[in-house]
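Hi,

Here's the structure I said I'd send over. Have a look at it first, then read on for what turned up.

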Amino acid sequence: MRILVVGGGPAGLFFALLAKRAVPTATLQVREQNPPGVTYGWGVAFSESAAEALRPAAPDVVDALTAGMSHEEMVLSLDGTDVPVHVGRSFLNARWTLLAALERIAREAGVTVDHDAEAAVSEAELADWDLVVGADGVNSRTRARFAEQFAPTEELGTNWLAWYGTPKAYPPSIILQNSDHGLLMSHASQFSPEMSNFTVEVGQETFDRLGFGEMTEEESRALCEQLFAGSLDGAPLRSNHSPWFQTKFLGCARWTHRNLVLIGDALHTVHPSIGSGTRFAMRDAVYLTKALAGSGWDVEVGLKEFERTRKPVADAFQAAAKRSIDWYEGLPGRTITHPTKFALEYLMRTGRVSYRDFRRQNRDVVLGYERDLR
């Protein structure tokens, strides 16, 4: 059996590894357009439940991705007032560490990984492979080339984000600052002994008032460093291809075309505020492998089974992501003055955490809030 995976990110590498282990005689080739060791962004997170959901498929991979930083609490900060809350354990790793581990384990299993390779695949080339998996990310050339077949839909968020790193150690944190320019927001989390994520998020009006649209990447970084100086305590912000972007809420009406299937961000996206899109993509790889194995690696049958079993789960996760996006995009138009009320709203924004659940896990925080209401 010959399988081509287009895209050497977490989804593509994880599927290639699982497929090669399931069918050791198969030819597995991964094409990645970036050079070896090149990736953009900083740290990625996995909740404990997400890691355990992946464990049965590849325990050694899960051991590698949970070997880095771990946190059991997060901090919700409003204008310098911190509210620490218990949210369950999460694991964080540098994105480049995760990719290096996945590629190493995949190569050890017998997968061929080609860097600096042509990422796109043509209609004619589909005939050269038994299965082609498009795992080339949110800006997928594979999806674009076969847009008529996949019928993608794309909705841009209204908020603007820039993903930086900083040497300051942050527990998982949401930082809000009311300012003369409007509401300033950051998502921060330590993912290694030396580095934390620091993603700045602002609404359109604040983005325009501050003039970010006319700035270079370096000018934006320097201004964000200045705006969040009180939180950063003198630590710098660092760029790793960190331009401003708006989240893409992406879906596809059809998941397959002939022997071609999309997975990960090439197929559908979520939002970083409800958990890593990396784990969402890697779960696609698990479902796809299971569906193909259950069909005896009959590609036509297996791809139909993949969509049948994965789509309801993915749709529910995307619905939660959409609620989270809507909540974030509503923040710039509000006046937020109570830190604990903000913490409660944040943790209950998707409907997956109830007030009762939050109260049980964070009794002292909620009792203080309830006293304030009297």
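Before the details, one cut-off: a residue is called buried under 20% relative accessible area, exposed over 50%, and partly exposed in between. By that rule D63 is partly exposed, because its relative accessibility is 43%. Bear in mind that this is a predicted model.

So what does D63 pair with? Its side chain forms a salt bridge with the side chain of R55, at 2.9 Å from N to O. R55 is partly exposed too, with a relative accessible area of 24%. The pair also has company: E52, R55 and D63 are joined in a network of salt bridges.

If salt bridges are new to you, the general idea is that side chains of opposite charge can pair when their charged atoms come close. The count for this model is 20 salt bridges, and two others are worth finding on your screen.

Start with R31 and E125, whose side chains meet at 2.3 Å, N to O. This salt bridge ties together distant parts of the chain: R31 sits in strand 2 (residues 27-31), while E125 is in the loop between strand 6 (112-114) and strand 7 (131-134), 94 residues apart. Are these two buried or exposed? R31 counts as buried because its relative accessibility is 13%, and E125 is buried as well, at 17%.

Then go to K304 and E300, which make a salt bridge at 3.7 Å, N to O. They are 4 residues apart in helix 11 (residues 299-330), so about one helical turn separates them. K304 and E300 are both exposed.

Now for some helix packing. Two packed helices are described by the angle between their axes and the distance between the axes. For helix 1 (residues 10-22) and helix 4 (residues 95-109), the axes come within 9 Å and cross at roughly 25 degrees. Angles under 35 degrees count as roughly parallel, so helix 1 is roughly parallel to helix 4. The crossing of helix 1 past helix 4 is left-handed.

Which residues do the touching? On the helix 1 side they are P10, L13, F14, L17, K20 and R21, and on the helix 4 side R95, L98, L99, L102, E103, I105, A106 and A109. Sorted by class, this contact of helix 1 with helix 4 has 10 nonpolar residues, 4 charged ones and no polar ones.

Cheers

Terms used:
Residues are numbered from 1 along each chain as its sequence is written. This is a predicted model: local features need pLDDT of at least 70, side-chain atom pairs count only at pLDDT 80 or more; totals for chains, interfaces and linings use all residues. Side-chain values use heavy atoms; hydrogens and water are left out. Axes are lines fitted to C-alpha atoms, for helices over the stretch in contact, and angles run from 0 to 180 degrees between N-to-C directions. Helices (H or I, at least four residues) and strands (E, at least two) are DSSP runs, numbered from the N terminus. Angles under 35 degrees count as roughly parallel, over 145 as roughly antiparallel, 65 to 115 as roughly perpendicular and the rest as oblique. A crossing is left-handed if the near helix is turned anticlockwise from the far one by less than a right angle, and right-handed if clockwise. Contact means heavy atoms within 4.5 Å. Ala, Val, Leu, Ile, Met, Phe, Trp, Tyr, Cys and Pro count as nonpolar, Asp, Glu, Lys and Arg as charged, and the others, Gly among them, as polar. A salt bridge is a side-chain nitrogen of Lys or Arg within 4 Å of a carboxyl oxygen of Asp or Glu. Buried means under 20% relative accessible area, exposed over 50%, partly exposed in between (1.4 Å probe, protein chains only).
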